[in-house]
Amino acid sequence: MRTTRRFHISAVAQTQSLTKEDVVKEDDPSNNVSDAIFSKLGINLHHRPNHPLCILKEAIYEYFEGREPGKFQKFDKEPPVVTVKANFDEVLVPANHISRSYNDTYYVNKETVLRCHTSAHQAQKLREGHSHFLLTGDVYRRDAIDATHYPVFHQMEGVKVFSNDEWVDAGLSSVNYIEKDLKECLEGLARHLFGDVQMRWCDCYFPFTDPSFELEIFFNGKWLEVLGCGVMERQILRNTGRPDDRAWAFGLGLERLAMVLFDIPDIRLFWTDDKRFTEQFSAGELRQKFKPFSKYPPCYKDIAFWVNDHFTENNFCELVRGEAGDLVEEVQLIDEFTNKKTGRTSNCFRITYRSMERSLTNEEIDAIQEKVREQTASKLKVELR
Ligand code: PHE
């Protein structure tokens, strides 16, 4: 199941790499973070000056600097290992919310997760007394596999706090005043990044804001969701010792925007060290279009099995990612049926293997696929067909 939209109604300064041993104390059964995921901690793509994610981060900083010089404090080194409390409780995510499930979130243990959004730092920063900040970091979500979904991506959170005299002087209610400031600010950001584009606001739901909105822009012939935002729930401010303040907050996904701005066709490219990718971008150049280098041929393998009650697509994708790493481009459910007599359900998944950097050999893909089959049978306890 897709988790990018899951907050909707339907839905120690770390500079070096952490290892699994640093984080997981013993072989904790409540840990569902694979080694493939642990290996991403501390890579910090958003710190590399000529990387598209960092170029975008800097462009957003530049916009805020131009609009309110010297106001917004920037954070981009907060470690991604956070408490359940910070990630969910302090931003008022309900106890039974789907995003808290082991299927959707990486748990290091019962009390600790890999943050699934940068909103995990809202309460902490408010408590420390910050009133204007932009906070960027790597976030982690268990999800399906395709060209736009990767279990690690990057978000930027923005928060601005207001005090009583501001809305009183303007003759507006606090909510109206803050909503107006928020929308003007973010429309300006979209223009700064995308130029003169058509935009629209959609109402939506987040547990931490009310009212909540999404900004969409019309780009390359399609409406594209750019960010989520809203007027911060007062309970968050009260809980952080700021009962008289009001605030807005927004969160945006850097990959999503960078893919559009730089014409990057596959989310795995952000992680490659291939010079044909990395040398195409330079600091300060925002709308530089990526020139694709020749794509290597894909290799498709199907796997079919009888599922059980515990089976989830996310668990299967995690397992495939564990065996194939970045060689897996997509996992697609291509057939599903239930045997009328036995009541058993069969799923058939097509796995697309492709390297961004080289041609794959049949032998290596066959070997990976064989491992995927073995692991699927033994770990997910399904019956292969
Ligand atoms: N945390 C939200 C998400 O990950 C984005 C968001 C941040 C929305 C702040 C509103 C306010 O989808």
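This briefing describes two annotated domains, two sheets and one helix pair.

The structure is a predicted model, in which local features need pLDDT of at least 70, side-chain atom pairs count only at pLDDT 80 or more, and totals for chains, interfaces and linings use all residues. Residues are numbered from 1 along each chain as its sequence is written, and side-chain values use heavy atoms, with hydrogens and water left out. Helices (H or I, at least four residues) and strands (E, at least two) are DSSP runs numbered from the N terminus.

**Annotated domains**
- An unreviewed UniProt entry gives residues 56-292 as "domain: Aminoacyl-transfer RNA synthetases class-II family profile"; UniProt positions are in the numbering used here, feature names are shortened, and annotations may be inferred rather than shown by experiment.
- Across residues 56-292 the chain is 29% helix and 30% strand, with the end C-alpha atoms 20 Å apart.
- The unreviewed UniProt entry also places "domain: FDX-ACB" at residues 294-385, where the chain is 33% helix and 33% strand and the end C-alpha atoms are 36 Å apart.

**The sheet of 7 strands**
- This open sheet follows the order 1-5-6-10-9-8-7 with mixed pairing, where two strands pair if DSSP finds at least two bridges between them.
- Strand 1 (73-75) and strand 7 (198-206) are its edge strands, each pairing on one side only.
- Strand 6 (residues 152-162) and strand 10 (residues 246-253) run antiparallel and are joined by 8 bridges, and glutamine 155 stands opposite glycine 253 in strand 10.
- Helix 9 (residues 254-261) packs on the sheet, touching strands including strand 5 (132-140) and strand 9 (222-232), and its direction makes about 55 degrees with that of strand 10; contact means heavy atoms within 4.5 Å, and angles run from 0 to 180 degrees between N-to-C directions, with axes fitted to C-alpha atoms, for helices over the stretch in contact.

**The sheet of 3 strands**
- Here the order is 2-4-3 in an open sheet with antiparallel pairing.
- Strand 2 (81-83) and strand 3 (107-109) each have a single partner strand, so one side of each is left without a neighbour in the sheet.
- Strand 3 pairs with strand 4 (residues 112-114) over 2 bridges, and asparagine 109 stands opposite threonine 112.

**Helix 11 and helix 12**
- The axes of helix 11 (residues 313-324) and helix 12 (residues 362-379) come within 9 Å and cross at roughly 140 degrees.
- That angle makes helix 11 oblique to helix 12, since angles under 35 degrees count as roughly parallel, over 145 as roughly antiparallel, 65 to 115 as roughly perpendicular and the rest as oblique.
- Among the residues that meet are Phe316, Leu319 and Val320 in helix 11 and Ile368, Lys371 and Val372 in helix 12.
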